[in-house]
Amino acid sequence: MSASPKPVKKVPIHLQSAQNRIYIKNGEVVNHDKSFKADVYIEDGIIKFVGPAFEITIPGGVRIIDATGRMIIPGGIDPHTHLQCPIGDNVTVDDFYRGTKAAVAGGTTMIIDCVLPKKHESMVEAYDKWRSWADPKVCCDYALHVGVTWWSKSVSEEIGILCKELGVNSFKMYMAYKGLYMLSDSELLDIFERIRSLNAVAMVHAENGDIIAKNTKNLLAEGICGPEGHELSRQEEVEAEAVHRACILAHQMKTPLYVAGVTSKSSAELVGRARRSGYSVFGETLASSIGRSMSSVSKSERVYYITSPPIRMSAETPRQLMKSLAYDDLQVTGSDNCTYNKKQKELGLFDFTKIPNGVNGAEDRMSVVWEKGVHQGLLDPCRFVAVTSTNAAKIFNIYPQKGRIAVGSDADIVIWNPQATRTISKETHHHACDINIFEGMTVHGVAEYVLVRGRICAENGSVRVAEGFGRFIPMPLRPPFVYDIIEGKVRSSEEQHEENQNGHLAKKFAELDILIPEEKNISAMLAGNMPLAAGGSPCSTPSVRGRVDGHRDMQESSFSISEELDKSSVRSCIKVKNPPGGKSSGFW
């Protein structure tokens, strides 16, 4: 006689307002690490159930959404916006209402904006100002980075107040904008050291400001004044040099580093090489750089596409950056949403130094990443979730409250139709600007439903948001995803590689083991001639790589990738010409 089957314990549903209760059925839940068929039940803005339908009983009065043929994904997190931001004589036209409304329309349910204090302004006062602008207007949850635009003892003290009392764990430094926001290497070292002492995260805008200032002066003297002068003043190697320098400076202070707005292949490769050398470094690229190249933009329109670091000229750059996301050289996509109208942009039509820098992206980021990544076969859906949501949540220590479909997480959810298409246009977007750099682009991947903390804010093209509905989300100190690398709690890439039994990745990496002739100078390597060494499958979510206990501490190393120090199974074979009287070090 067979034993009777064990009864399934069903999840009870509380009787309350149906407005607070939503049941999503028949969908495919996609998190950064796996996807599976499941239903999702939401109550009071929190995910209460994820699992098969037979494990839950749904009473009448619950709003039911049929997600057949759709994906249920975590809402996007945009870690890089500048809403309502005063820069010089201009203010970005997307305020915290219009900017977050646009973000929600595209499937982003949280933003992290950047407080930008003026030189000699109190950081705490600037933070209070941003909060006063944002709190009454935001349609989705938000957090704040704070820029460090000058350095003094009082700034050091205020960084402590922001970390310990005001919910900030990330600080952004500028290596460009000489005379305005740019910091010296000595100041950067002091700031990195202070950030490390508080277990916070350092961020950089990486461009060499001295070179840009010199190039700008020379270009104007030669009569090159139009928008084409912008990228000529800050070529790819100018970005890459600053990325390389920032990695070394942060590493010397044992400070985790987030490189914001990577726009070039060589910079992405440098971030990847630093990570493979054991550095706690994370890279972000932008929707604008993976969605557009300047080669497809007419000269008369280029003024509207100016941002820094610039959208690159090469038509190959967008695909190369997407590959860097696939290989885990880069981990995050942001929008750097910093919008201006045509009239504001045209102020610099005949002097590129006067063009307000910035473009749109908050609304279209998710669809652009899907189109250029998943639809073109470079990312799988799990990696898409990682680079648009989960990795940002982990880096800034708000995971799994955000960035995951799981019981107890905030009900920031997108029902994503991977087959649907839409055509991007300034006529239909929700931004306040009269420009859209993706104008006319048809993209696959549409957010059919967008839920912000359980509230349906977008439904089949109709956007219904509430001004002030969003909350400020404090970001706790010491993100484990970031600090475990520094403290040696992450397995090395060698250990992880040995666990891969099928041998496919080993063969793939071996094919990418390219020797750089020693005659190639550093400038040539920075300009984009370095090999791309993959750190993971292009259709997976690679694990973070770091050192392993018992091996030499890479945080104490000289940043060499010699045979003696670099024991990882995934690396490029590099010849480096030793300078007279000493050995070479670096992640070249």
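**Working through the fold**

The protein chain has 17 helices and 19 strands (DSSP runs numbered from the N terminus: helices are H or I with at least four residues, strands E with at least two). This is a predicted model, where local features need pLDDT of at least 70, side-chain atom pairs count only at pLDDT 80 or more, and totals for chains, interfaces and linings use all residues. Residues are numbered from 1 along each chain as its sequence is written, and side-chain values use heavy atoms, with hydrogens and water left out.

**Exercise 1.** Work out the strand order of the eight-strand open sheet and find its edges.

*Solution.* Start with the order: β6-β9-β10-β11-β12-β13-β14-β15, with parallel pairing (two strands pair if DSSP finds at least two bridges between them). Next, the edges: β6 (76-81) and β15 (332-334) each have a single partner strand, so one side of each lacks a neighbour in the sheet. Zoom in on one pair: β10 (residues 141-148) and β11 (residues 170-174) share three bridges, and Val 146 has Phe 171 as its bridge partner in β11. Then add a helix: α12 packs on the sheet and touches β6, β9 (108-115) and β15 (contact means heavy atoms within 4.5 Å).

**Exercise 2.** Place Trp 370: which helix holds it, and is it buried or exposed?

*Solution.* First, Trp 370 sits in helix α12 (residues 365-374). Second, its relative accessibility is 4%, so it counts as buried (under 20% relative accessible area; exposed is over 50%, partly exposed in between, with a 1.4 Å probe and protein chains only). Third, leaving out residues up to four places away in sequence, Trp 370 touches several residues, including Met 71, Trp 416 and His 444.

Methods. Axes are lines fitted to C-alpha atoms, for helices over the stretch in contact, and angles run from 0 to 180 degrees between N-to-C directions.
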